[in-house]
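Please find below a reviewer's note on the structure, set out as numbered points for discussion.

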Amino acid sequence: DYHWPSPLIDQLEGLLYEGKQEGLPDRVVDLLAQLNGCIPQDNNGSTAAEWIRFAYHDMATHNIDDGTGGLDNSINVGGDLEAAMFDFIDFPNKYLFYSDVTAIGVVLATVGCGGPVVALRGGRIDASSAGPPGVPTPDQSLDDFIESFRKQGFTQEEMIALVACGHTVGGVHNPDFPTLVPPGNIQFEDNIVLFDGTPQFDNAIVTQYLDGTTDDLLVIGANGNSTLSSDLRVFSSDGNVTMQSLASPENFASTCATLLGRMIDTVPSNVTLTDGIQPLPVKVAGVQLAPGQDDTLVLNLTLRLLSNTARQVTLHWADRDSTTCASGTCSASPTNSALVTTPLVGALGLSPIKYTFSTPIADTSIGTFWFEVDGQVENNGGSGYAIEQDRVLFVPGRSTLGASFTIVAAVRNDSVPSRVYINPYQRDTIVIRTASVNLTLDASIPPAAGYNFYSGSVFAQDFTFDLFAEIDGMIYEEEFRDTHWIPSEFS
Ligand code: HEM
C-alpha cells in the first residue's frame, strides 16, 4: 500500500539512496561524496570518524536497567565538547530530529569508507535535557568498561567487537591527548595518529593488533606507559578470542553491521523506531509547478526508479479544472536521465536511474500526474500524485541567488493575498530556522499564466523553505521548497 512517502521516510530514504541534500547539514552531505568524508582532511581527522564517535558518545548514556538514554541527541544538550557536531540547538528541519541525522551519519560514514551496510530505521526523538555521563575514558579499568557496555546493552564480546568497529576509522588527536600524540607543526591542523594503517572501514585494526604491527596508540601507549591503553585492555580481555574471530573480513563486516545497527537503534524505551528503511521502488521528488518564461505553466519533477536498465518512461497528467487531459492524452517524455551513484547504492548492488521532467502545461493547470513505465502504469497505488493546490507556487526559474538572494512566488491573480511569506531553514554546516520573510507584489515581473509575482530577499545563500499565502482567511502552502532548484545557480 504505497502512497507518497511520509516526510520522515522521504527524507531519510532520499538521503540514503539518492544523495538528496534537502535540509541536511553539510557535514552529512560531506559523507555522500565518495570517500571525501572518509579520508582525514589535513591532519584534522575525517568526517566519517567524527560521526561514528559522536553517535557512540550520544548513545553511551543508555541505561538498560531503567530504559533511559540512548541515541537521543542529549549530547548536544549536555554541553559535551562533541556538541561541535551541531553547534547550536535547533532542528535540522521540521521533519528530522538530530538523532535520526546522527544515525544516518553512521550509516553513510560506514559504507562511505568501504564498510558494510548498516540498516537504518527512523523515528528517534531528541531529548530536551542532558543525559548522565556515560562515555568511557581511556584511563578506566577493564571492569569499568565491561560495566559501561553492559549498561549500554552490550556483552563483553560485543564490547570488544564494537570498539574494533569504531576504531577502524579515525585516530587519536594531539589537542585531546597530548601525552600520546605530539603537536603538529602546521597551523590549524590537529596532528592525528590513525588507529590502524588504513583510513578505510576494514579489519586492519584487528589484523595489525593480532600480528603485532599495530600503531594504535590506545594499544601501544606512549613511552612504555599503558595508563591510556584502553584498546589493549578491551581487545585482550577474552584472551583475544573475539579479535581472532574478527580476523575474517567477512565476519568483521557482518559483526560491525549488526553492532553498529544496534548502537544507532539504542533509544530510550519510550521511543518506537520505524521498520528498516528500504529504497522505494518508485520515487517522485522535486515536484514544482510554476509559471514558465512565457504564458504557460511548467511542471518540473524527478522520477527515480530502482532498475538500472533504461526504460521507456512517460509522464501523464490530468488538468485541475477541466477534463481535457483526464484520460492521459496529455503526456511528456523525460528531458534527461542520470544514473544515481552513491557508496550506499553501490554496496547494495543497485544503480537507480533518475529521470528529470520539465514540461510545459498547455491547459489551465494540473491536478494529478502519473507515469507509464514500459507500458505499465505507475500511479501511486491508484490515486495518482496530487498537486494539492496551485494558488501559491514557488518560481525557481525567476528566483535568483547570489548578489540579491531573491525568492519569487506566483499567486493566482483572481485574488489578492493578505500576506505571502516564507519560513526559511538555512543550510550550512548547521541548519537553522531563520525568521519569516515576507514576499511583496513585484511590479517588475509582468503577470503571466494567470499569476502575479511576489518577491522578497533572504540573507542566506542555501536553504530550504515553506511558502505560504493567506487568501480570504485560508492559508495555502507549498512545503519544503529548495534553493537548489533555482536553475541559474545550481544547474
Ligand atoms: C572502551 C571504550 C572506548 C574508549 C575508552 C574509547 C576511547 C577513544 C579515544 C581516547 C579516542 C581518541 C579521541 C581523540 O583523540 O579525540 C577515540 C576515538 C574514536 N573512537 Fe573511541 N573509545 C571507546 C569506544 C568506542 C566505540 C564503541 C566507538 C564506536 C563504535 C568508538 C569510536 C571512535 C572513533 C570513530 C574515534 C576516532 C575519532 C576521530 O578520529 O575523530 N569508540 N576513542
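The points that follow take up model confidence, overall make-up, two helix pairs and two individual residues.

1. Confidence. The model is a predicted one. Over the protein chain the mean pLDDT is 86, and 86% of the residues reach a score of at least 70. For the complex, the predictor reports an ipTM of 0.99 together with a pTM of 0.89.

2. A segment to read with care. Across residues 86–92 the pLDDT remains under 50. The model nevertheless has 18 contacts beyond four places in sequence for this segment.

3. Overall make-up. The protein chain contains 14 helices and 19 strands. Of its 491 residues, 42% are buried. When contacts between residues at least 6 apart in sequence are considered, 66% of them link residues at least 24 apart.

4. The pair α3 and α5. Helix α3 spans residues 47–59 and helix α5 spans residues 98–112; their axes come within 8 Å of one another and cross at roughly 140 degrees. Angles over 145 degrees would count as roughly antiparallel, so this crossing makes α3 oblique to α5. The crossing of α3 past α5 is left-handed. On the α3 side, the contact is formed by A48, W51, I52, F54, A55 and D58. The α5 side supplies T102, A103, G105, V106, A109 and G112. Sorted by class, the residues of this contact comprise 8 nonpolar, 3 polar and 1 charged.

5. F54 within α3. One of the α3 residues in the contact with α5 is F54. Is F54 buried or exposed? F54 has 23 C-beta neighbours inside 10 Å and therefore counts as buried. In sequence, F54 is separated from V287 by 233 residues, and the C-alpha to C-alpha distance between F54 and V287 is 35 Å.

6. The pair α7 and α12. Helix α7 covers residues 156–166 and helix α12 covers residues 249–264; the two pack at an angle of about 95 degrees, and their axes are 10 Å apart. This angle makes α7 roughly perpendicular to α12. From α7 the contact draws on E158, A161, L162 and C165, and from α12 on T255, C256, L259, L260 and M263. In terms of class, 7 of the contact residues are nonpolar, 1 is polar and 1 is charged.

7. The surroundings of α7. Why is α7 described as largely enclosed by the rest of the structure? The reason is that 8 of the 11 residues of α7 are buried. These are M159, I160, A161, L162, V163, A164, C165 and G166. Among the elements covering the buried residues of α7 are α3 and α12, along with α6 (142–152), α8 (204–210), α10 (230–235) and α11 (241–245).

8. L260 within α12. L260 belongs to helix α12 and takes part in the contact with α7. L260 counts as buried because it has 26 C-beta neighbours inside 10 Å. Leaving aside residues up to four places away in sequence, L260 touches V106, T110, V118 and C165. Of these, V106 also appears in the contact of α5 with α3, while C165 is one of the buried residues of α7. G166, another buried residue of α7, lies 94 residues from L260 in sequence, with a C-alpha to C-alpha distance of 8.6 Å.

Methods:
Residues numbered from 1 in each chain as written. Predicted model: local features only at pLDDT ≥ 70, side-chain atom pairs only at ≥ 80, totals over all residues. Axes fitted to C-alpha atoms, helices over the stretch in contact; angles between N-to-C directions. Helix = DSSP H or I, 4+ residues; strand = E, 2+ residues; numbered from the N terminus. Parallel < 35°, antiparallel > 145°, perpendicular 65-115°, else oblique. Left-handed = near helix turned anticlockwise from the far one by under 90°. Contact = placed C-beta atoms within 7 Å. Nonpolar A, V, L, I, M, F, W, Y, C, P; charged D, E, K, R; others polar. pLDDT = per-residue confidence, 0-100. Buried ≥ 20, exposed ≤ 12 C-beta atoms within 10 Å, placed from the backbone.
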